[in-house]
Amino acid sequence: MAKIAVEQSLTAVKQELQNRGHQVVDLKNESDAKNCDCCVISGADNNVMGMQNVVTQGSVIDASGLTAEEVCQQVDNSFQA
């Protein structure tokens with residue numbers, strides 16, 4: 001399955017993705033996103049300075065306001081597109 005970087009605060013999302021067979025790594029800094037197929041962020045940290053560095057070509061999914069199941073559906077959908 002896919003290698004997915006998930007922010008540490010999203011414990012339920014990590015668990016659900018692992019239950020679905022995905023390889024999950026903690027997303028602590030931008031280097032953790034390298035070589036990942038997808039990243040899941042909490043949306044809690046806002047990019048105040050407006051700086052952007054592309055470190056992955058995979059999808060980035062904002063989990064704010066979503067259940068773990070909804071996030072996992074978005075992850076699965078990102079691979080079908």
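# Notebook: cores, a buried glutamate and salt bridges

**Entry 1. Nonpolar cores.** I began with the largest nonpolar core, which has 14 residues. Within this core I listed the residues with the most contacts: Ile4, Val6, Val13, Leu17, Val40, Val71 and Val75. I then looked up which elements give two or more residues to this core, and found β1 (3-7), α1 (11-19), β3 (38-41) and α2 (68-80). Of these, α2 gives the most, with three residues. I note that the model is a predicted one, and I read every entry below with that in mind.

I recorded a general tendency beside this entry: in soluble globular proteins, nonpolar side chains tend to be buried together.

**Entry 2. Val75 and the second core.** I took Val75 as a core residue to examine by itself. Setting aside neighbours within four places in sequence, I found Val75 in contact with Ile4, Leu17, Cys38, Val40 and Ile61. I also noted a second, separate core of five residues, including Ala5, Leu27, Ala33 and Cys39.

**Entry 3. Overall arrangement.** I counted two helices and four strands in the protein. Read along the sequence, I obtained the pattern β-α-β-β-β-α. The protein has 81 residues, of which 30% count as buried. I looked up the contacts between residues at least 6 apart in sequence, and 41% of these join residues at least 24 apart. For the surface, I noted that the protein exposes about 5,200 Å², with carbon and sulfur atoms supplying 44% of it.

**Entry 4. Glu7.** Which side chain of opposite charge is nearest to Glu7, and how far away is it? I located Glu7 in strand β1. Glu7 is buried yet has no salt bridge. The nearest side chain of opposite charge is Lys14, at 9.7 Å. A salt bridge requires a nitrogen within 4 Å of a carboxyl oxygen, so I could not count this pair as one. I did find a polar contact of 2.7 Å between the side chains of Glu7 and Ser42. With neighbours within four places in sequence left aside, I listed the contacts of Glu7 as Lys14, Leu27, Val40, Ile41 and Ser42.

**Entry 5. Lys14 and Asp26.** I counted four salt bridges in the structure. One of them joins Lys14 and Asp26, with the closest N and O atoms 2.8 Å apart. Lys14 lies in helix α1 and Asp26 in strand β2 (residues 23-27), so I read the pair as tying together parts that are 12 residues apart in sequence. I then checked exposure: Lys14 is buried, with a relative accessible area of 14%, whereas Asp26 is partly exposed, at 31%.

**Entry 6. Salt bridges of Arg20.** I next looked up the partners of Arg20. Glu16 forms a salt bridge with Arg20, and I recorded 3.2 Å between the closest N and O atoms. Glu16 counts as partly exposed at 24% relative accessibility, and Arg20 counts as partly exposed at 27%.

Glu69 also forms a salt bridge with Arg20, for which I recorded 2.8 Å between the closest N and O atoms. Glu69 lies in helix α2 and Arg20 in the loop between α1 and β2, so this pair ties together parts that are 49 residues apart in sequence. At 36% relative accessibility, Glu69 counts as partly exposed. Which residues do salt bridges with shared partners join into one network? I entered the members as Glu16, Arg20, Glu69 and Asp76.

Conventions:
Residues numbered from 1 in each chain as written. Predicted model: local features only at pLDDT ≥ 70, side-chain atom pairs only at ≥ 80, totals over all residues. Heavy atoms only, no water. Core = buried A, V, L, I, M, F, W, Y, C linked by side-chain atoms within 4.5 Å. Buried < 20%, exposed > 50% of the residue type's maximum accessible area, 1.4 Å probe, protein only. Contact = heavy atoms within 4.5 Å. Lys, Arg positive; Asp, Glu negative; His and termini not counted. Polar contact = N/O pair within 3.5 Å; in protein donor to acceptor, adjacent residues only side chain to side chain. Areas by Shrake-Rupley, 256 points an atom, 1.4 Å probe, with all protein chains shown as cover.
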